[in-house]
Amino acid sequence: MRADHAPAGAKGIDEILAEARARLRRLEPEEAHIAYRRGAHLVDIRPAAQRAASGEIPGALIVERNVLEWRFDPRSAARLPIAGRYDLPVIIFCQEGYTSSLAAAALQDLGLHRATDVAGGFAAWRLAGLPAFGPADVYAYLQAVSPGDPRPRPTT
């Protein structure tokens, strides 16, 4: 087999992502905010450096991606105290909504059938004007830039 050809049965990341998302009822940021206010658990899986650079959602649980399954599997000795049931409403978010889809599907594989993610991730949450704290310069810039013109417009 040539090194530039995928092995038989291998899937590309686009296919894996599409399969994961086909199983989810993804939430828009506003829907996720309402669900959180009604008792769902928002879970931020971004690394610390990304949270520091971009900001955070008040009240979100911080569970980095590399330990997510252990923290939410009701059978795991390393689970969080809240994670003792399979009907736990969990809403995962990452920076832009790609990794969170894969993570939510992994939680569904564990039996957490109400796991889903935020479409567009933290970036979409922030742009929707929902509660967040921390660095916001990049989001202010994105809102001030007109499409096709990289120069910021004056803000008052």
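Biologist: What share of the 156 residues of the protein counts as buried?

Modeller: The share is 38%, where buried means under 20% relative accessible area, exposed means over 50% and partly exposed lies in between, with a 1.4 Å probe and protein chains only. This is a predicted model, in which local features need pLDDT of at least 70 and side-chain atom pairs count only at pLDDT 80 or more, while totals for chains, interfaces and linings use all residues. Residues are numbered from 1 along each chain as its sequence is written, and side-chain values use heavy atoms, with hydrogens and water left out.

Biologist: Which elements does the protein have, and how many?

Modeller: The protein has seven helices and four strands, in the order α-α-β-α-β-α-β-α-β-α-α from the N terminus. Both are DSSP runs numbered from the N terminus, with at least four residues (H or I) for a helix and at least two (E) for a strand.

Biologist: What makes Phe93 and Phe122 an aromatic pair, and why is one word or another, stacked or edge-to-face, used for them?

Modeller: Rings of Phe, Tyr and Trp (its six-membered ring) pair if their centres lie within 6.5 Å; planes under 30 degrees apart count as stacked, over 60 as edge-to-face and the rest as tilted. Phe93 and Phe122 are 6.4 Å apart, centre to centre, with 25° between the planes, so the two limits are met and the pair is called stacked. The structure holds one aromatic pair. Phe93 lies in strand S3 (residues 90–93) and Phe122 in helix H6 (residues 121–127), so the pair ties together parts that are 29 residues apart in sequence.

Biologist: How do you know whether Phe122 is buried or exposed?

Modeller: Phe122 has 0% relative accessibility and counts as buried. Phe93, at 1%, is buried too.

Biologist: What lies over the face of Phe122?

Modeller: Arg46 does, at 4.3 Å from the ring centre. The limit is that NZ of Lys or CZ of Arg is within 6 Å of the ring centre and within 35 degrees of the ring normal.

Biologist: How many residues are in the largest nonpolar core, and which have the most contacts inside it?

Modeller: This core has 17 residues, and those with the most contacts inside it include Val43, Phe72, Ile92 and Leu107. A nonpolar core is a set of buried Ala, Val, Leu, Ile, Met, Phe, Trp, Tyr and Cys residues joined through side-chain atoms within 4.5 Å. Helix H4 (68–72), S3 and helix H5 (99–109) each give two or more residues, with H5 giving the most, three. Apart from this core lies another, of twelve residues, among them Leu27 and Leu130.

Biologist: What makes H5 mostly covered?

Modeller: Eight of the eleven residues of H5 are buried, including Ala103, Ala106 and Leu107. The buried residues of H5 pack against helix H1 (13–22), H4, S3 and strand S4 (116–117), a contact meaning heavy atoms within 4.5 Å.

Biologist: How do you know that both faces of S3 are covered?

Modeller: Val90 and Ile92 on one side of S3, and Ile91 and Phe93 on the other, are all buried.

Biologist: What makes S1 and S3 a pair, and how many bridges join them?

Modeller: Two strands pair if DSSP finds at least two bridges between them. Four bridges join strand S1 (residues 41–44) to S3, and the two run parallel, so the requirement is met. Leu42 stands opposite Ile91 in S3. S3 and S4 also pair in the parallel sense, over two bridges, and here Ile91 stands opposite Thr116 in S4.
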